[in-house]
Amino acid sequence: MTGADALLLALGAVAVGAGALVVTTRHLVRAGLYLVVCLGALAGVYLVLTAELVAWVQVLIYVGAVVVLLLFAVMLTRAPIGASDDLDRPGWPAALIGGGSGLGLAALLVDAFRWRRVELPEPGTAERLGEQVFGAWVLPFELLSVLLLAALVGAIVLSRPDIGRPPADRPGAGRPASGGRR
């Protein structure tokens, strides 16, 4: 086992552990912070695999934008941040489905490769990746940005109860402005 293999295993363990904490914690803000750790560990995996561009895109887009957007949406909507007894459900069905899916995928992977060594293709470059993202994948890339913008606008609308109400129903409506003469 090489040093890169050990580092990949360690980063993978951190990512899986943080991912498990994301879905099991009862506090929404902590789940967002555990997501930062999980996505940061994935960026470390990309660095070990010498995919530096993908690693920094992971940090900038996912850690820097998506998680911050999630935390701002939670803060803007004034959602309950702590544990909520009325929303709790038993976790064993989800654990059963997740564990079964994981075992099924592991069995499929072992069956597909039978522990053979697989020849890897030539490593990608930033130029080839850019051609793919902004060539064949430009429409999904732009649709994702519109979706994130719509989520931010929706969070702002939900956080402001006065948006969309008629002027007569707004607090302070119908009172004369102070300091004016008639």
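Colour the chain by secondary structure and follow it from the N terminus, where the elements run α-α-α-α-α-α, giving six helices and zero strands in total; helices here are DSSP runs of H or I with at least four residues, strands are runs of E with at least two, and both are numbered from the N terminus. This is a predicted model, in which local features need pLDDT of at least 70 and side-chain atom pairs count only at pLDDT 80 or more, while totals for chains, interfaces and linings use all residues. Residues are numbered from 1 along each chain as its sequence is written, and side-chain values use heavy atoms, with hydrogens and water left out.

**The whole chain**

With everything still selected, turn on the surface: the chain exposes about 14100 Å², of which carbon and sulfur atoms supply 70%, the areas coming from the Shrake-Rupley method with a 1.4 Å probe, where for residues only the protein chains shown count as cover. Of the 182 residues, 12% are buried, a class defined as under 20% relative accessible area, with exposed meaning over 50% and partly exposed in between (1.4 Å probe, protein chains only). Among contacts (heavy atoms within 4.5 Å) between residues at least 6 apart in sequence, 59% join residues at least 24 apart.

**Helix α1**

Select residues 3–24, which form helix α1, and place a distance between the first and last C-alpha: the 22 residues reach 31 Å, close to the 32 Å expected at 1.5 Å a residue, the expected span being 1.5 Å times one less than the number of residues. Now show L11, A15 and A18, the buried residues of this helix. They sit on the same side of α1, because they cover an arc of only 70° around the axis, as judged from the directions from the helix axis to the C-beta atoms. An α-helix has 3.6 residues a turn, so residues three or four places apart point the same way. Add α2 (28–48), which is part of what covers the buried residues of α1, then rotate to the face turned away from that buried side, where the exposed residues L9, V16, V23 and T24 are carried.

**The loop after α2**

Move next to T50, in the loop between α2 and α3, and check its backbone: phi is near 60°, a positive value in a residue other than glycine. Most residues other than glycine have a negative phi. T50 counts as exposed, because its relative accessibility is 54%.

**Helix α3**

Continue into helix α3, and select Q58, which lies in it. Which residues does Q58 touch, not counting those up to four places away in sequence? The partners to display are L39, L42, A43, Y46 and V63. Q58 itself is buried, because its relative accessible area is 6%.

Then select L53, V57, L60, I61, Y62 and L129, which form a nonpolar patch on the surface with about 520 Å² of accessible area together; such patches are made of residues with over 30% relative accessible area and no salt bridge, with nonpolar side chains (Val, Leu, Ile, Met, Phe, Trp, Tyr) joined within 5 Å and like charges within 9 Å. Helix α3 (residues 52–77) gives the most to this patch, with five residues. One residue of the patch, I61, counts as partly exposed because its relative accessibility is 42%.

**The salt bridge**

For the last stop, select D111 and R114, whose closest N and O atoms are 2.7 Å apart in a salt bridge, defined as a side-chain nitrogen of Lys or Arg within 4 Å of a carboxyl oxygen of Asp or Glu. A search of the whole structure finds one such bridge. D111 counts as partly exposed, because its relative accessibility is 43%, whereas R114, at 56%, counts as exposed.
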